[in-house]
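Reader: I would like to learn how to read a disulfide and a chain interface, taking the general idea before the particular case.

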Amino acid sequence: MIRFENVTKVYKSGTVAVRNVSLDIQKGEFVFIVGPSGSGKTTCIRMLLREELPDRGRIWVAGREIIHMPKWRVPYLRRNVGCVFQDFRLLPNKTVFQNVAFALEVIGRPKSVVDTQVPQVLDLVGLAKKRDNLPSELSGGEQQRVAVARAFVNRPLILLADEPTGNLDPGTSQGIMRLLDRINRTGTTVLIATHDAALVDWMRRRVVELDQGTVVRDQARGVYGIDAATGPVPRTEVAARRS
Amino acid sequence: MPLSADYIVRETTTNLWRNRLMTIAAVLTVAVSLALVGAALLLKQGAANAEVDWQRGVQVTVWMKPTASTSEINAVRSELKQLPYVHGCAFWSQAQDYHEASKLLPASEFSALTVGSTPSSFRCTPNQPQYATAVYDRFVHQPGVYAVGSPNSAIHAMEETITILQWVFVSVALVLLLSAGVLILNTIRMAIFARRREVSVMKLVGATNWFIRLPFMSEGLVQGLIGSAVAAAIVFGLHALLNGLANPDQPGSVLSQMRLSGWQLFSTDAVVVVIGVLIGSIGSAVAIRRFLEV
């Protein structure tokens with residue numbers, strides 16, 4: 001579903017954000033990308049959305065090579081890739097319903113589809129009763145749920161999340177993780193960039209660790225730091241476990 | 001992706017309302033500048049109408065010296081008859097010209113004139129007004145000819161004045177049009193800034209570039225269109241005013257001669273609207289290209 005092949009990204013300042021990264025993520029996987037600030041997590045997410053282009057290497061998303069994709073096709077790529085951010089990015093003057101509906105309206109979905117799908121997804125994220133509230137009337141966790149609903153309402157093949165719990169308390173963060181897990185169980189591939197160690201340890205899913213732009217660990221059912229019991233698992237072994 | 005007219009209308013109206021002060025400024029500048037363009041065009045067409053009128057009655061007068069001999073007069077007469085571009089000539093004797101002068105000249109000047117000192121003349125009508133110059137060139141140095149008179153110089157002086165006026169109008173209008181374009185560009189830029197969050201979400205969820213751009217494009221277009229509609233109304237009013245001022249009892253007055261037809265007014269208004277739409281489109285297109293990254 002997602003494939004990085006020897007991807008390197010160097011910013012104009014000379015900073016190497018991602019160095020020779022190769023990564024395979026299968027359909028329906030739930031993957032954490034972990035690492036300290038500046039390790040290249042966000043750059044990976046941005047490249048998957050084609051907001052950044054790598055300097056070297058190739059990237060496939062949902063079976064399509066996206067580096068050489070013509071610019072006019074990028075919006076259609078993004079319809080298959082939902083995305084959630086730390087700062088929620090909700091529109092403050094629109095209600096919960098309108099925020100979620102906006103994602104369908106701007107891709108030209110008819111009103112009948114909007115009226116069916118938005119209540120369904122609001123039900124999924126547990127905000128059906130707050131559909132007429134403005135974002136300012138919601139807690140941080142609820143706002144992030146709206147953001148997840150907006151990212152998922154179009155039923156994308158992939159859901160990306162960049163530090164989705166960065167602004168939330170641990171309890172609320174677990175709620176968001178449960179929600180993402182539920183979405184993952186519908187068959188959606190979920191990729192989360194985070195440095196929230198507690199959540200990663202709690203979820204026990206595949207962990208890809210980046211350090212200074214390089215993949216230093218790729219572990220199935222891993223934890224944030226190196227697992228004292230099992231130690232780092234080589235990528236070849238991860239692939240073998242998955243198969 | 002289907003782009004509904006409803007969406008474009010809704011978004012454009014919202015944008016225009018959010019930036020209403022800038023919108024009013026842009027619309028007024030477009031209106032004033034295009035009204036000047038329209039006025040310049042009216043002036044040009046009016047001048048062309050008047051010129052046709054003026055030249056329709058062009059007559060060339062070949063004045064003979066009072067001392068000119070009969071043979072010199074006959075030579076001029078026969079030469080005029082042979083000219084293919086002269087429609088016809090009438091000979092006015094010294095007595096006839098003296099009689100006419102008694103009506104035209106003030107008494108103080110006329111008292112100095114006698115029949116013997118009055119020149120005889122040939123009053124000729126050329127086939128085309130522009131041949132008046134050819135008649136002038138041919139006879140001005142002819143023996144026995146005192147002077148050749150045609151009203152061309154007066155017509156040219158008036159044409160020159162109108163041309164200068166037109167250039168002044170067009171120059172001022174161009175400067176104003178440029179500022180109107182910049183104002184529209186700035187309005188769109190502000191609209192893009194005000195909606196940057198929405199635009200970023202639109203990009204994130206896969207809205208196509210045209211879906212994002214069109215409301216901004218139509219905003220500039222609407223500003224140009226409203227401005228040009230106001231200008232077209234001003235031009236219409238100006239035309240009505242000038243036609244009202246033209247006194248039908250004085251068909252020879254300049255305003256009567258400049259009177260414009262309905263078709264000329266319609267074509268002027270059409271040009272004004274087209275320029276307005278162009279200014280709006282260009283202003284918004286430049287703003288979108290420079291400030292809206294999609």
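Author: We begin with the disulfide and then turn to the interface, bearing in mind that this is a predicted model.

Reader: What is a disulfide, and how many does a search of the whole structure find over all chains?

Author: A disulfide is a covalent bond between the sulfur atoms of two cysteines. Here the search over all chains finds one, formed by Cys89(B) and Cys124(B), whose sulfur atoms lie 2.2 Å apart. The pair links distant parts of the chain, since Cys89(B) belongs to strand β2 (residues 86-92) of chain B and Cys124(B) to strand β3 (residues 121-126) of chain B, 35 residues apart. The link is right-handed, with 110 degrees about the S-S bond.

Reader: Is Cys124(B) buried or exposed, and how does Cys89(B) count?

Author: Cys124(B) has a relative accessible area of 1% and is therefore buried, whereas Cys89(B), at 37% relative accessibility, counts as partly exposed.

Reader: Turning to the interface, how many residues of chain B are in contact with chain A, and which three supply the most buried area?

Author: On chain B, 16 residues are in contact with 22 residues of chain A, and the two chains bury about 1600 Å² between them, 61% of it on carbon and sulfur atoms. Val201(B), Leu204(B) and Val205(B) supply 36% of the area that chain B buries against chain A, more than any other three residues.

Reader: Which polar features cross this interface?

Author: Three residue pairs are in polar contact across the interface, while the count of salt bridges between chain B and chain A is zero. On the side of chain B that touches chain A, α8(B) gives the most, with six residues, and the residues of that side divide into nine nonpolar, three polar and four charged.

Note on methods: Residues numbered from 1 in each chain as written. Chains lettered and ligands numbered in written order. Predicted model: local features only at pLDDT ≥ 70, side-chain atom pairs only at ≥ 80, totals over all residues. Heavy atoms only, no water. Contact = heavy atoms within 4.5 Å. Buried area = accessible area lost by both parts, 1.4 Å probe. Salt bridge = Lys/Arg side-chain N within 4 Å of Asp/Glu carboxyl O. Polar contact = N/O pair within 3.5 Å; in protein donor to acceptor, adjacent residues only side chain to side chain. Helix = DSSP H or I, 4+ residues; strand = E, 2+ residues; numbered from the N terminus. Nonpolar A, V, L, I, M, F, W, Y, C, P; charged D, E, K, R; others polar. Disulfide = S-S within 2.5 Å. Buried < 20%, exposed > 50% of the residue type's maximum accessible area, 1.4 Å probe, protein only.
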